[in-house]
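Hello,

Here is the structure you will be working with. Please open it and keep it beside this message while you read the notes below.

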Amino acid sequence: MDAAVRELSYAQAIQEAMAIAMDMDERVFLMGEDIGVYGGAFQVTGDLVERYGTDRVIDTPISELGGAGVAVGAAVTGMRPIFEFQFSDFATLGMEQIVNQAAKMRFMLGGEVSVPVVMRFPAGSGTGAAAQHSQSLEAWLGHVPGLKVIQPVTPHDAKGMLLAAIADPDPVMIFEHKLLYKMKGHVPEGHYTVPIGKAEIRREGRDLTIVATSIMVQKALDAAAALEGEGIDIEVVDLRTIRPIDRQTIIDSVKKTSRLLCVYEAVKTLGIGAEVSALVAESEAFDYLDAPIVRLGGAETPIPYNPDLEKATVPQVPDIITAARDLVKGVR
Amino acid sequence: MAGASKAVVDSRANLPFVYRQYSPEQLRQVLHKMYLIRRFEEGAEECYMRGLIHGTMHLSIGQEASAMGICMPLAEDDQITSTHRGHGHCIAKGAEVSRMFAEFFGKTTGYCKGRGGSMHIADVAKGNLGANGIVAGGIPIAVGAALSSKRMKTGKVVVSFFGDGANNEGAFHEALNMAAIWKLPVIFVCENNGYGMSTSTARSTAVKNIAERAAAYSMPGVIVNGNIFSEVAEASFKAVERARAGEGPTLIESKTYRHRGHSKSDRNRYRTKEEIEDWMANRDPITLFETELRDFGFIDDQGIQAIRDAVAKEIADGIEFAKASPAPEIATLQNYVYTEHA
């Protein structure tokens with residue numbers, strides 16, 4: 001197969017990044033629940049334990065708080081741990097170590113240590129796993145100075161941003177939407193990085209800017225394609241990093257299109273859409289707006305089990321199409 | 001001061017462990033450091049009362065033998081994690097009181113450049129990975145440091161200090177379990193001073209001795225009188241040997257007492273005046289150790305006075321250093337949040 005068009009799934013891309021990092025650097029190792037012979041709950045670590053052994057692919061007890069703390073302790077003493085939370089919902093169990101320790105240790109100690117830990121969080125709804133295994137909690141962590149929080153959406157970015165995260169001296173939290181794991185895309189061979197803190201314009205357009213995160217980028221692109229036939233030309237910005245946020249790319253895009261729609265899966269209120277809206281409203285792009293900013297986010301409810309209810313909880317392509325069309329046509 | 005006389009050395013065979021293991025000069029240094037901890041905290045408390053230090057602080061006065069005993073067998077590059085009551089640990093591991101005072105004064109010459117204060121005092125160069133404002137917060141971090149030691153084969157031993165309150169936190173149990181299953185070179189030191197803030201261990205803890213928790217994680221659980229330096233040091237020495245030999249962790253319960261309240265807001269309503277005075281008058285760790293040293297002929301009154309004078313000068317100089325040091329510029333507020341910023 002031509003290397004230039006080599007395709008991997010999102011999960012395979014992450015696994016490849018971890019293998020490359022472990023080959024390059026003895027200090028890199030993996031920790032998490034059932035990431036060894038089981039291969040991880042979503043088969044992201046796969047057979048890595050066979051290649052790197054149980055010293056570098058460590059099955060932890062079901063101890064998210066302790067496990068996160070061990071990863072932090074290893075990171076400040078010279079190792080490069082990658083800690084997998086089995087589901088992002090379980091961040092709630094490790095929050096103390098993430099928020100009070102990993103995020104603040106360098107600051108509290110006046111720069112005397114670095115905390116180069118990577119934590120991976122399989123996130124999001126759509127798997128029928130109900131309220132405690134389907135949440136999108138990235139904004140919680142995005143609120144904490146000291147952390148970096150990323151949401152790659154393509155296999156290419158999943159690999160490149162993970163390699164950037166491993167090389168980063170500060171703690172990086174990666175939210176991986178579970179429905180992306182099987183999606184395929186072009187992934188270059190070998191080592192490369194995709195910078196943290198830079199948004200990517202996935203599609204250029206003149207009439208409306210959609211700033212989307214994670215799997216909503218795919219849905220926004222589908223909506224944009226559908227509206228093309230109606231003569232509506234949509235720009236889709238893949239935010240990729242929610243802390244530190246790429247203000248300039250958003251502002252420049254809104255200045256060009258004069259309309260902004262934010263689309264994200266997490267609960268709408270106090271979410272990333274509020275931040276994006278506010279930063280546009282505070283910027284020079286405000287004067288360019290021809291219409292009120294619109295947010296499409298998750299419903300104000302836990303994620304339900306019933307598949308129809310579950311779909312109705314988060315924005316779907318038809319919702320984005322309607323919101324985008326109304327916004328461009330001035331329907332309030 | 002000269003080393004031990006021949007008579008002293010000959011009679012050492014019958015003395016407690018530390019008097020056989022360490023030289024008289026090393027033991028006099030221990031007394032010096034115990035005084036340094038005591039006077040540092042008294043000095044910090046006085047500066048606080050005079051409004052020179054803001055915030056709050058948690059004093060370990062009465063617990064000096066525990067900090068010194070545990071750190072006695074540690075090498076300089078061995079590591080510790082500490083607690084909100086961590087001034088003694090910091091000094092015992094080798095910190096300079098001048099830079100500690102500077103930190104409490106919020107100055108750039110402080111160990112954390114004025115960003116941490118009392119509750120996050122650290123000295124990474126000497127292996128102190130930091131005090132911690134979260135009860136049990138440092139315990140999993142110590143286990144992670146021990147994992148680094150094992151993976152990188154550095155031979156380092158890691159000590160995690162925590163109080164009796166921490167033994168009822170989930171992090172304690174998760175961390176001890178992981179240290180045991182992976183046989184990591186870590187020593188868990190519970191400084192049981194009888195009260196988690198105001199709640200006594202009898203009211204908070206289902207086991208009589210916290211060392212009993214060790215059985216649940218298949219590691220030795222050792223109880224020592226935390227106010228007797230030689231007892232603490234002996235237990236620590238054995239635990240360090242076990243850790244370095246790759247045999248895994250130990251839980252040491254060091255039973256002690258804090259003379260002061262939990263923090264500066266404490267009205268001491270949960271314990272009696274008689275109880276406090278009894279501990280101060282009859283079980284003060286510095287008095288106990290000083291008496292032993294004198295009784296065993298390792299020091300005389302003149303030697304003790306010399307230590308007290310030297311410590312008084314160190315404290316006075318340290319406070320002057322802190323006062324004279326520069327405060328951080330407001331423009332540096334965001335330094336150290338991310339590595340690329342500073």
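Two rings of Phe, Tyr or Trp count as an aromatic pair if their centres lie within 6.5 Å. When the planes are over 60 degrees apart, the pair is called edge-to-face. By this rule the structure, which is a predicted model, holds 16 aromatic pairs over all chains.

One of these pairs joins B:Phe40 and B:Phe104. The centres of the two rings are 5.3 Å apart and the planes meet at 70°, which makes the pair edge-to-face. B:Phe40 belongs to helix H3 (residues 24-49) of chain B and B:Phe104 to helix H6 (residues 97-104) of chain B, so the pair ties together parts that lie 64 residues apart in sequence. Are these two residues, B:Phe40 and B:Phe104, buried or exposed? Both B:Phe40 and B:Phe104 are buried.

B:Phe162 and B:Phe172 are also edge-to-face, because their ring centres are 5.5 Å apart and their planes stand at 70°. B:Phe162 sits in strand E2 (residues 158-163) of chain B, while B:Phe172 sits in helix H8 (residues 170-181) of chain B, 10 residues apart. Both B:Phe162 and B:Phe172 are buried.

Chain A has an aromatic cluster made up of A:Tyr10, A:Phe42, A:Phe87, A:Phe90 and A:Tyr181. In an unreviewed entry, UniProt lists residues 8-183 of chain A as "domain: Transketolase-like pyrimidine-binding". Over residues 8-183, chain A is 38% helix and 17% strand, and the C-alpha atoms at the two ends are 8 Å apart.

A ring can also have a charged side chain over it. In chain B, B:Arg283 lies over the face of B:Trp279, at 4.1 Å from the ring centre.

Next, the interface. How many residues of chain B are in contact with chain A? There are 36 on the chain B side, in contact with 43 residues of chain A. Between them the two chains bury about 3200 Å², with 64% of that area on carbon and sulfur atoms. Within chain B, the residues that lose the most area to chain A are B:Ile141, B:Arg151 and B:Tyr338, together 20% of what that side buries.

B:Arg151 also has a charged partner across the interface: it forms a salt bridge with A:Glu26, with the closest N and O atoms 3.9 Å apart. In total, three salt bridges are found across the interface of chain B and chain A.

Regards

Definitions and conventions: Residues numbered from 1 in each chain as written. Chains lettered and ligands numbered in written order. Predicted model: local features only at pLDDT ≥ 70, side-chain atom pairs only at ≥ 80, totals over all residues. Heavy atoms only, no water. UniProt positions renumbered as here; feature names shortened; annotations may be inferred. Helix = DSSP H or I, 4+ residues; strand = E, 2+ residues; numbered from the N terminus. Phe/Tyr/Trp six-rings, centres within 6.5 Å; stacked < 30°, edge-to-face > 60°. Buried < 20%, exposed > 50% of the residue type's maximum accessible area, 1.4 Å probe, protein only. Lys NZ or Arg CZ within 6 Å of the ring centre and 35° of its normal. Contact = heavy atoms within 4.5 Å. Buried area = accessible area lost by both parts, 1.4 Å probe. Salt bridge = Lys/Arg side-chain N within 4 Å of Asp/Glu carboxyl O.
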